[in-house]
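User: I am new to this structure and should like to learn how to read its features step by step. May we begin with the terms that are needed?

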Amino acid sequence: MNLLMVIFGLIAILAVVGTVQAFKERNVLSIVFNLGAAVVFGGFTIATVVFQGYPPGL
């Protein structure tokens, strides 16, 4: 779960970067999907840290 959390955290960060670029290009569909990905993957990462701690316990 530890490596999966790191990967999902990186995806969330890249989704935020993509959202900023989408705002610059004014691409509405890209903004929607990037915000959705950032919320889902970021929320999962934060929830994992809160409930299992970092590094996660067994």
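Analyst: A residue counts as exposed when its relative accessible area is over 50%, as buried when that area is under 20%, and as partly exposed in between. The model shown here is a predicted one. Val50, a residue of helix H2, has a relative accessibility of 59% and therefore counts as exposed.

User: How far is Val50 from Arg26 in sequence and in space?

Analyst: The two are separated by 24 residues in sequence, and their C-alpha atoms are 35 Å apart in space.

User: How does one describe the packing of two helices?

Analyst: Two packed helices are described by the angle between their axes together with the distance between those axes. In this model, helix H1 covers residues 2–25 and helix H2 covers residues 28–52; they pack at an angle of about 150°, and their axes are 8 Å apart. That angle makes H1 roughly antiparallel to H2, since angles over 145 degrees are counted in this way. The crossing of H1 past H2 is left-handed.

User: Which residues make the contact between H1 and H2?

Analyst: From H1 the contact includes Met5, Phe8, Ala12, Ala15 and Thr19, and from H2 it includes Ile31, Asn34, Ala38, Phe41 and Thr45. In the whole contact, 15 residues are nonpolar, 8 are polar and none is charged.

User: How should the spacing of such residues along a helix be understood?

Analyst: An α-helix has 3.6 residues a turn, so residues three or four places apart point the same way. The buried residues of H1 are Met5, Phe8, Gly9, Ala12, Ala15, Gly18, Thr19 and Ala22, and H2 is among the elements that cover them. In H2, the buried residues are Ile31, Asn34, Ala38, Gly42, Thr45 and Thr48; these pack against H1.

User: Is Thr19 buried or exposed, and what does Thr19 contact beyond its neighbours within four places in sequence?

Analyst: Thr19, which lies in H1, is buried, because its relative accessible area is 6%. Beyond those sequence neighbours, Thr19 is in contact with Asn34 and Leu35.

User: What can be said of Phe41 in the same terms?

Analyst: Phe41 belongs to H2 and is partly exposed, its relative accessible area being 24%. When residues up to four places away in sequence are not counted, Phe41 touches Phe8, Ile11 and Ala12. Phe41 and Val16 lie 25 residues apart in sequence, with 11 Å between their C-alpha atoms.

User: How may one check the length of a helix against its number of residues?

Analyst: One compares the expected span with the distance between the end C-alpha atoms. At 1.5 Å a residue, the 24 residues of H1 should span 34 Å, and the end C-alpha atoms are 35 Å apart, which agrees. For H2, the 25 residues should span 36 Å, and the end C-alpha atoms are indeed 36 Å apart.

User: What does the sign of phi tell the reader?

Analyst: Most residues other than glycine have a negative phi. Arg26 has a positive phi of about 55° although it is not a glycine. Arg26 is placed just after H1, in the loop between H1 and H2, and is exposed, with a relative accessible area of 73%.

User: Which residue follows H2, and what is the sign of its phi?

Analyst: Gly53 follows H2, and its phi is positive, near 80°.

How values were computed. Residues numbered from 1 in each chain as written. Predicted model: local features only at pLDDT ≥ 70, side-chain atom pairs only at ≥ 80, totals over all residues. Heavy atoms only, no water. Axes fitted to C-alpha atoms, helices over the stretch in contact; angles between N-to-C directions. Helix = DSSP H or I, 4+ residues; strand = E, 2+ residues; numbered from the N terminus. Parallel < 35°, antiparallel > 145°, perpendicular 65-115°, else oblique. Left-handed = near helix turned anticlockwise from the far one by under 90°. Contact = heavy atoms within 4.5 Å. Nonpolar A, V, L, I, M, F, W, Y, C, P; charged D, E, K, R; others polar. Buried < 20%, exposed > 50% of the residue type's maximum accessible area, 1.4 Å probe, protein only. Expected span 1.5 Å × (residues − 1).
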